[in-house]
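Trainee: Please select a single part of this structure and examine it closely, with the criteria stated as you go.

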Amino acid sequence: MTTSITIPRPDDWHLHLRDGDMLRGVIADSARHFARAIIMPNLVPPVVRGDDAAAYRERILAALPEGMTFEPLMTLYLTETTDPDDVAAAIKSGLVKALKLYPAGATTNSASGVKDFDKVIPVLERMADLGTPLCVHGEVTDADIDIFDREAVFIDRVLDPLRKRVPQLRVVMEHITTSDGVDYVKSNADNLGATITTHHLIINRNHILVGGIKPHYYCLPVAKRESHRLALRQAATSGDTRFFLGTDSAPHPTDLKENACGCAGCYTSVNTMSLLAHVFEEEAALDKLEGFASRHGPAFYGLPVNAEPMTLAKSDRPVAFPKTIPTGAGDVTVFDPGFDTYWHVKDA
Ligand SMILES: NC(=O)N[C@@H](CC(=O)O)C(=O)O
Ligand SMILES: [Zn+2]
Ligand SMILES: [Zn+2]
């Protein structure tokens, strides 16, 4: 039985760090395990211009505890009035690594997102020329589309037509939750990739709803039925380089999740690597964890694989994780997988 594996230090290709007290409270959890992360721009107000991203990057680095290293890979929030020249300058300076497309109203802080896709074509063409990925929150927001169908409908109605209009554009479907998402990635060229979260490999919609509503399992896109979870597991553990880790760790204060109108987001920065080792072992694919967590993401983004190693080891006793993380913006509840895990990151 394998009891230890060593992989290059992983990266997180989809992370919410927030700002201010929340940022200061959560950043160490990511920096402890991940060398770099793609930082989501859905602040209030959002990170729209190159200057906003430069200032946010400084705030992230200032919040990093002494002695820790961590490279925030900045993104810009695509709006209908985004200036292609500002985007190109921010990319060419090396500051910005991707743009983020939120359909207006799809998720937390997405009010400034895109409604009329014609308006963003000039920006997307510039990005295609520069080889810069567009990260997409792939859900339609139409009130008449069932929430469990919103990803599949987005692929047909929005994503596929958009990719046909700008065929050279590199696209990452963020946090895919369906076999439709997996199949769409597999059936396309390799300028299309997808991130998969830790929690979507672990929970299906029953976990959210059966035996009482579990607000800490509510995130967007919402977890789907079991067959979709199994398709995600298959994709993540397949070795296909188009699938890579984006935790979508999304901290909200516990009282705003345990609420009559609870926020969407699971907080997994603390235990993601342990849970992934558990999942990959269950799938008899521990040897594929390295690709998923450490190699496929850098390859898609054209960045080097991290040189430092990380060792995960299996003990014979369950690992204890904190149930909550205290922050100046309130306590954040850590994702509880509902089972014991025996894997831990060594020396971290
Ligand atoms: N995933 C979530 O449920 N929430 C994210 C937004 C997002 O990634 O869609 C957040 O910012 O809280
Ligand atoms: Zn999202
Ligand atoms: Zn997210």
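Mentor: What follows concerns the annotated binding site and the surroundings of the ligand. The model is predicted, so local features need pLDDT of at least 70, side-chain atom pairs count only at pLDDT 80 or more, and totals for chains, interfaces and linings use all residues. Residues are numbered from 1 along each chain as its sequence is written, while chains are lettered from A and ligands numbered from 1 in the order in which they are written.

In an unreviewed UniProt entry, the annotation "binding site" covers Lys100, His137 and His175 (given in the numbering used here, with feature names shortened; annotations may be inferred rather than shown by experiment). These positions are spread over 76 residues of sequence, yet they cluster in space, with a largest C-alpha distance of 12.7 Å.

Lys100 belongs to strand β5 (a DSSP run of E, at least two residues, numbered from the N terminus). Lys100 counts as buried because it has 25 C-beta neighbours inside 10 Å (20 or more are required, with C-beta atoms placed from the backbone). Beyond four places in sequence, Lys100 touches Met40, Pro41, Thr75, Tyr77, Leu78 and Cys135 (C-beta atoms within 7 Å).

His137, by contrast, lies in the loop between β6 (134–136) and α5 (150–165). With 24 C-beta neighbours inside 10 Å, His137 is likewise buried. Setting aside neighbours within four places in sequence, the contacts of His137 are Leu101, Tyr102, Pro103, Ala106, Thr107 and Glu174.

Both His137 and its contact Thr107 are among the residues surrounding ligand 1 (C-beta within 6 Å). That shell also includes His16, Asn42, Thr108, Cys219, Leu220, Asp248, Ala250, Ala264 and Gly265.

Key: Helices (H or I, at least four residues) and strands (E, at least two) are DSSP runs, numbered from the N terminus. A residue is buried if 20 or more other C-beta atoms lie within 10 Å of its own, exposed if 12 or fewer, and partly exposed in between; C-beta atoms are placed from the backbone. Two residues are in contact if their C-beta atoms, placed from the backbone, lie within 7 Å.
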